[in-house]
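Please open the model in your viewer and keep the sequence panel beside it, since this tour will ask you to select one part after another.

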Amino acid sequence: MNKAMENDWQTILSLGAEGGSITLLGKEQHSGEWVFKKAVNEMNFDDLEDESFQPTKSTEKVCTLKSPISNRGNEATSWEKAIKLLDHYPWPMLNPREVHPAFRKRVWSALQKEVKGKYGDRINSYRLKKWSSLCLPEYSPKVDTLSKWLQNSTHTTILTGAGMSTESNIPDFRSKEGWWNNIDPRTVATTDALRDDYDLFHEFYSMRINGLKQCKPNIGHDILADWEQKGLIQAIATQNVDGFHTLAGSKNIYELHGSIHKFRCGNCAMSAEEEDFLSESNCKYCGGKLRPGVVLFGEMLPEESWRDSLTHIQKSDLVIVIGTSLEVYPASQLPKMTNGKTVYINAEVDTTHHNFDLMIEGKAGEILKLVDELV
Ligand code: OAD
């Protein structure tokens, strides 16, 4: 860092409102740490109570600071303290003009906290769009496109995979921390495993069932349930067995790989209770071994779920695929069976494998939230 740079205060966050502005300034020290201070121009916050408030031309132009920049005593020495400097102002409701590239993620998460807390619905979609375009420029045009497609679509089907639930702290299968990187699926998730090594099979599914009890649906599940209620989406086909779409309130769900909350005898197929399975009881009708109602490798998908998913996909003009590696047949074929637009939202996007109209790399919950803010 050269001397000139060291003396430079940079704009971290610049906000405007009718007749004024607030600027959070930051300076990087030799050590790499930042110090921050705020500069406030005269402001009139009255307009902000009006939900339809949109910045006028005069608030769009860059304001020169009238008030003196605060002196050293008022400098904040950490980001947490810096954002607190804005506590006295309704800053999320002001017009964001500039966000320093190195602080985009931090500003965005501070904004999310405020939105969850004090401001909620008071921030209009125009304002949120501006915030997201400044804080998350990599997502902005894609999220915009998806929100338009979603609003214009008359039939939308969602296809989800394990990545939908990782933000609920449930591992997926094929990521680094995923189940199949720690356990060979052939030893626990096949019809052979059920027959030949019931103890390990039982241990694996008991662990997953008990693990689920500590988790709950995340914001992504909630948003999809809300979209269904608003008529924005018509069906969810899921490879997940956790039941979280149902728990979040979605109704039209097709569980392609069954449910880990249903139990039956592996021999006579009579239904059983979770507690019987967990306590390793035998079937009370035939004495056979109990199992969860998940699809094991080597088994057919539930016919009705498959047929209905396919019907929805075929009549969709938009199919949104979320959090799946699309490595497991036949669910992997569903996105190819629509004439509608296809969207892939995934933490890792591999352009060579998936022929989607739109691909958005990111966490399901975060992306759905951005889209939700625009619809
Ligand atoms: P995978 O583990 O194969 O794929 C999950 C995908 O989600 C990966 O590509 C991750 O990068 C991505 N991902 C993880 N967290 C995410 C997040 N927060 N947001 C967005 N994407 C995220 O899981 P599935 O494709 O669901 O079947 O696996 C399909 C089937 O394989 C499962 O239903 C299961 C398994 O064997 C059976 O057990 C029959």
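Which helix gives the most to the lining of the second largest cavity? Helix 11 does, with three residues, and we shall visit that place in a moment, after a few words on what you are looking at.

This is a predicted model, in which local features need pLDDT of at least 70 and side-chain atom pairs count only at pLDDT 80 or more, while totals for chains, interfaces and linings use all residues. Residues are numbered from 1 along each chain as its sequence is written, and side-chain values use heavy atoms, with hydrogens and water left out.

**The whole chain**

Begin with the whole chain shown as a cartoon, where the secondary structure comes to 14 helices and 13 strands; here helices (H or I, at least four residues) and strands (E, at least two) are DSSP runs, numbered from the N terminus. Of the 375 residues, 51% count as buried, where buried means under 20% relative accessible area, exposed means over 50%, and partly exposed lies in between, with a 1.4 Å probe and protein chains only. Among contacts between residues at least 6 apart in sequence, 66% join residues at least 24 apart, a contact being heavy atoms within 4.5 Å.

**The second largest cavity**

Now select T238, N240, D242, G243, F244, H245, T246, I253 and E255, which line the second largest cavity. The elements that give two or more residues to this lining are helix 11 (244-248) and strand 7 (253-255). On a 1 Å grid over the protein atoms alone, a cavity is a set of points where a 1.4 Å probe fits but cannot get out, whereas a pocket is an open set with protein on both sides within 12 Å along at least five of seven lines, and lining residues have an atom within 4 Å of a point. The structure holds two cavities of 30 Å³ or more, and the second largest has a volume of about 30 Å³; grid points are joined across faces, edges and corners, and a volume is the space filled by probe spheres set on the points. Its lining residues divide into two nonpolar, five polar and two charged, where Ala, Val, Leu, Ile, Met, Phe, Trp, Tyr, Cys and Pro count as nonpolar, Asp, Glu, Lys and Arg as charged, and the others, Gly among them, as polar.

**An open sheet of three strands**

Move next to strand 8 (residues 258-265), strand 9 (residues 271-272) and strand 10 (residues 290-294). These three strands form an open sheet in the order 9-8-10, with antiparallel pairing; two strands pair if DSSP finds at least two bridges between them. The edge strands are strand 9 and strand 10, each of which pairs on one side only. Five bridges join strand 8 to strand 10, and two bridges join strand 8 to strand 9. Pick out R264, which stands opposite S271 in strand 9 and has R291 as its bridge partner in strand 10; for F263, the bridge partner in strand 10 is P292. Strand 8 and strand 9 form a hairpin with five residues between them, and in the turn A269 has a positive phi of about 70°.

**Helix 4 and its surroundings**

Select residues 104-119, which make up helix 4. A straight helix of 16 residues would span 22 Å at 1.5 Å a residue, the expected span being 1.5 Å times one less than the number of residues, but helix 4 spans only 20 Å between its end C-alpha atoms. Its buried residues are V107, W108, A110, L111, Q112, E114, V115 and Y119, and they pack against strand 1 (10-17), helix 3 (79-84), strand 4 (95-99), helix 5 (125-135) and helix 14 (364-374). Just after helix 4, G120 takes a positive phi of about 45°. Colour helix 14 as well, which is mostly covered, with nine of its eleven residues buried, including K369 and E373.

**The second largest pocket**

Stay with G120, which is among the residues nearest the centre of the second largest pocket, together with V115, D121, L128 and E373. This pocket has a volume of about 290 Å³ and is lined by 16 residues, which divide into five nonpolar, four polar and seven charged. Helix 4, helix 5, helix 10 (219-229) and helix 14 each supply at least two residues of the lining, and the largest share, four residues, comes from helix 10.

**A last stop at Q10**

Finally, select Q10, which is found in strand 1 and counts as partly exposed because its relative accessibility is 26%. Leaving aside its neighbours within four places in sequence, Q10 is in contact with L24, L25, G26, W34 and H100.
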